[in-house]
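Reader: Could you take me through this one by explaining the labels you use? I would like to see what each of them rests on.

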Amino acid sequence: MIAPSDTIGPEVSAQYVTELTAGELSDIVDACTQAIVEGGGFGWLSPPDRPDMEKYWRGVLLMPGRHLFVSRVDGVISGAAQLLETPSNLEAQCHSAQISSHFVAPWARGRGNGKAIVRSIEYYAREHGYSVLKLDLRETQTAAIALYNGLGYVRWGINPYYAMIDGKMVEGYYYTKKIQDTDK
């Protein structure tokens, strides 16, 4: 663990992780699957089978420039998000990083998991010299929209053709937040 745990209440915490035990892998697959089924997945409309989901999470940990943050309720992984570094060939944008794939399992919502994850990401990003975070969300993700608005993220754009869900076009919202002043 590099960033300190950001604790919200006695049972909810979030932190950066670089590995997952077999039990944690099972927890994150379960939480992600539940979030997808409830419409709060991060791109998937229906969950992939368990072996594919396990491969996905193992792959996240192996990919350079991709950092995994998880929330826990009483030690059980309850949500996650990723921080994506800007590729080195986009030198003019090296001051920014992107939050991606944020979800919280339905059973853990309303306890501060989402906020704890974002705060942990912001801490890590500041410590690593980033001054701006960016992200995008489907218009249907109302809880996430409220979370990011409440944390000071500013919606700067709308894509009217962002996603297709059940044969219907869904808008996407683009957000940004300046998290510190820096030359990076």
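Reader: Why is His128 called partly exposed?
Author: Its relative accessible area is 34%. Buried means under 20%, exposed means over 50%, and partly exposed is what lies in between, with a 1.4 Å probe and protein chains only. The 34% of His128 falls in that middle range, so the label is partly exposed. His128 sits in the loop between α3 and β6, and its C-alpha atom is separated by 12 Å from that of Thr86, 42 residues away along the chain.

Reader: Before we go on, what kind of model is this, and which residues and atoms count?
Author: The model is predicted: local features need pLDDT of at least 70 and side-chain atom pairs count only at pLDDT 80 or more, while totals for chains, interfaces and linings use all residues. Residues are numbered from 1 along each chain as its sequence is written, and side-chain values use heavy atoms, with hydrogens and water left out.

Reader: What makes His67 buried?
Author: Its relative accessibility is 10%. That is under the cut-off, so His67 counts as buried. His67 belongs to strand β3, residues 66–73; strands here are DSSP runs of E with at least two residues, helices are runs of H or I with at least four, and both are numbered from the N terminus.

Reader: How do you know that β3 as a strand is largely enclosed?
Author: Seven of its eight residues are buried, so the rest of the structure largely encloses it.

Reader: What makes the link between His67 and Glu85 a polar contact?
Author: Their side chains come to 2.6 Å. A polar contact is a pair of N or O atoms within 3.5 Å; within protein, one must be able to donate a hydrogen and the other to accept it, and residues adjacent in sequence count only if both atoms are side-chain atoms. The 2.6 Å value is within that limit, so the pair qualifies. Leaving aside neighbours within four places in sequence, His67 is in contact (heavy atoms within 4.5 Å) with residues including Tyr16, Gln82 and Tyr124.

Reader: How do you know that β3 and β4 pair?
Author: Two strands pair if DSSP finds at least two bridges between them. Eight bridges join β3 to β4, and the two run antiparallel, so the requirement is met. The bridge partner of His67 in β4 is Leu83. β2 also pairs with β3 in the antiparallel sense, over six bridges, with Ser13 opposite Arg72.

Reader: What is unusual about Asp74 in the hairpin of β3 and β4?
Author: Asp74 has a positive phi of about 50° although it is not a glycine. The hairpin has two residues between its strands. At 64% relative accessibility, Asp74 counts as exposed. Asp166, in the loop between β7 and β8, also has a positive phi of about 50° without being a glycine, and its 79% makes it exposed.

Reader: How do you know that the buried residues of α1 line one face?
Author: Helix α1 has 16 residues and reaches 23 Å from first C-alpha to last, close to the expected 22 Å; the expected span is 1.5 Å times one less than the number of residues. Its buried residues include Leu25, Ile28, Cys32 and Ala35. Viewed down the axis, they fall within an arc of 170°, so they line one face; the arc is taken from the directions from the helix axis to the C-beta atoms. The face turned away from them carries the exposed residues Ala22 and Val37. The buried side packs against α2, β3, β4 and β5.

Reader: What makes a group of residues a nonpolar core, and which residues have the most contacts inside the largest one?
Author: A nonpolar core is a set of buried Ala, Val, Leu, Ile, Met, Phe, Trp, Tyr and Cys residues joined through side-chain atoms within 4.5 Å. The largest has 24 residues, and Leu83, Ile121, Leu133 and Tyr153 have the most contacts inside it. β2, β4, β5, α3, β6, α4 and β8 each supply at least two of its residues, and α3 gives the most, with six. Apart from it lies another core, of 18 residues, among them Cys32, Ala35, Leu68 and Ile77.
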